[in-house]
Amino acid sequence: MSQMPQQAALAKCPSCTEPLESGDLFCGACGYDLSVVPAPPQDHPTLTMTGPAASADGVDWPAPDPAVSGGTPATAHRAADVPGTDSGGNPLHGQEQQHPREPQEPAASGVRFDRPAEPEEYPLQAPDPRVAADAAVPEGAAKVCVACRAGQVDDDGYCENCGHAQPRERDHMERESGPVAAVSDRGLRHHRNEDSFAVGHTALPDGTPAVVAVVCDGVSSATRPDEASAAAARTAGDLLLAALPRGTHPQQAMHEAIVTAAQAVDALAGEPASAREHAPHQNAPACTIVGAVVTSGLLVVGWVGDSRAYWVPADRSAPVARLTEDDSWAAQMVAAGLMNEAEAYADERAHAITGWLGADAYELEPHTASFKPDRPGVVVVCTDGLWNYAETAEEMAEIVPTDAATRPLHAARVLVGHALDGGGHDNVTVALLPFPAPPQGAGSA
């Protein structure tokens, strides 16, 4: 583009933007002195970001920084040169070996250095997310948003900069303890995960190995169901792992674990009277519970509610079995002979539970049962988020991987994936325990 004389280039007043006439020395609208306007530099839109400045620019460009250029022309920057990251700040596929470029002063003539500072009333945007992601975060510092990688996360789990809701720790949980493993997922329809679990392994007084799993499902119609399930699972799991090494019979330990878990959930209802005044019709925190203990020759289950336990033998030609009976409207209808199982579970009232842990439970009646399987297999302990997609024992056996006893964590992931592929309408949690309990140190391959 050709450079035009200064006055001819001013079609509008730089102060009020009113049109100017050729030869005006002052703006007719605001009186701005046009003689103080510096001549604009030549326009070179095709200049590269590298190479020496041209003397014809009319601008005294600073010389390239030797420390940056090394005396040789720098490589032109392209958008693809900057390593991309996903929303979590991790390198994109194929860029794992690349390293973010450090911010450098431009060593070329296509960048202006004489621009005035930005006014304070126009704050800059959030800092470069790559820089924020790489910066060291002191211990105890506020959590950084996973979306913009710049804003801090408030106590409610939202970014103060972009407002993005942060993933909750409980949205997806996995744990493996020796030969037992569990996976829990929020599912595809719920806004939070109200399930919880506890798994562990220990030994009886004679050194016989024992594995433990507890799965709890928060009652959505109650207040703080996620807290209820977490308290119940943690309390029951801790009691079982403490009682078994002392020599308590596994079935007695299971009964005590459920009773103690119920007390922990009851304690959550002890909120201030002022809180109850604002929500007088809310139900007390509540959840269901199912647990299993496996030793070298004994299988014990315990439950309250409609979370279930299944027995799946390693030899799939052998009989499979559901080890629990639901505390639910559907189960009552079947037990009373008023409906068959298919009719009862097809009814919209099927999942209305008649037993649960909570301060407003009618009466706590822990169910326990013990079995002595005559062959190896695996115990599946799960919430209805899974068994809704594999209700009968035969259907459950079809989706349990054949190597579940030796790879319980992998198998649990497969089962959770089956529920998500089926629609993921509910939170889904599953724990897998091999029978008999293998020696200490055995686990997933």
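Helix α5 and two cysteines

Modeller: In this predicted model, the buried residues of α5 pack against α4 (225-243), β5 (286-294), β6 (299-304), β9 (357-358) and β10 (367-371).

Biologist: Which residues of α5 are buried?

Modeller: Pro-250, Ala-253, Met-254, Ala-257, Ile-258, Ala-261, Ala-262 and Val-265. Buried stands for under 20% relative accessible area.

Biologist: Why would residues three or four places apart in a helix point the same way?

Modeller: Because an α-helix has 3.6 residues a turn.

Biologist: What span does α5 reach, and what is expected?

Modeller: Helix α5 covers residues 250-267, 18 residues in total, and its first and last C-alpha lie 26 Å apart. At 1.5 Å a residue, 26 Å is expected, and the value is close to that.

Biologist: How many disulfides does the structure hold?

Modeller: Zero. For Cys-216, the nearest cysteine sulfur is that of Cys-287, 4.7 Å away.

Biologist: Why is the sulfur of Cys-287 too far from that of Cys-216 for a bond?

Modeller: A disulfide requires sulfur atoms within 2.5 Å. The two sulfurs are 4.7 Å apart, so they are too far for a bond.

Biologist: What makes Cys-216 and Cys-287 buried?

Modeller: Cys-216 has a relative accessible area of 0%, and Cys-287 likewise has 0%. The cut-off is under 20%, so both count as buried.

Biologist: What is the confidence of the model?

Modeller: The mean pLDDT of the protein is 77, with 69% of residues at 70 or more. Over residues 40-89 the pLDDT is below 50, and this stretch has 59 contacts beyond near neighbours in sequence. Residues 1-9 also stay under 50, with nine contacts beyond four places in sequence.

Note on methods:
Residues numbered from 1 in each chain as written. Predicted model: local features only at pLDDT ≥ 70, side-chain atom pairs only at ≥ 80, totals over all residues. Heavy atoms only, no water. Helix = DSSP H or I, 4+ residues; strand = E, 2+ residues; numbered from the N terminus. Expected span 1.5 Å × (residues − 1). Buried < 20%, exposed > 50% of the residue type's maximum accessible area, 1.4 Å probe, protein only. Contact = heavy atoms within 4.5 Å. pLDDT = per-residue confidence, 0-100.
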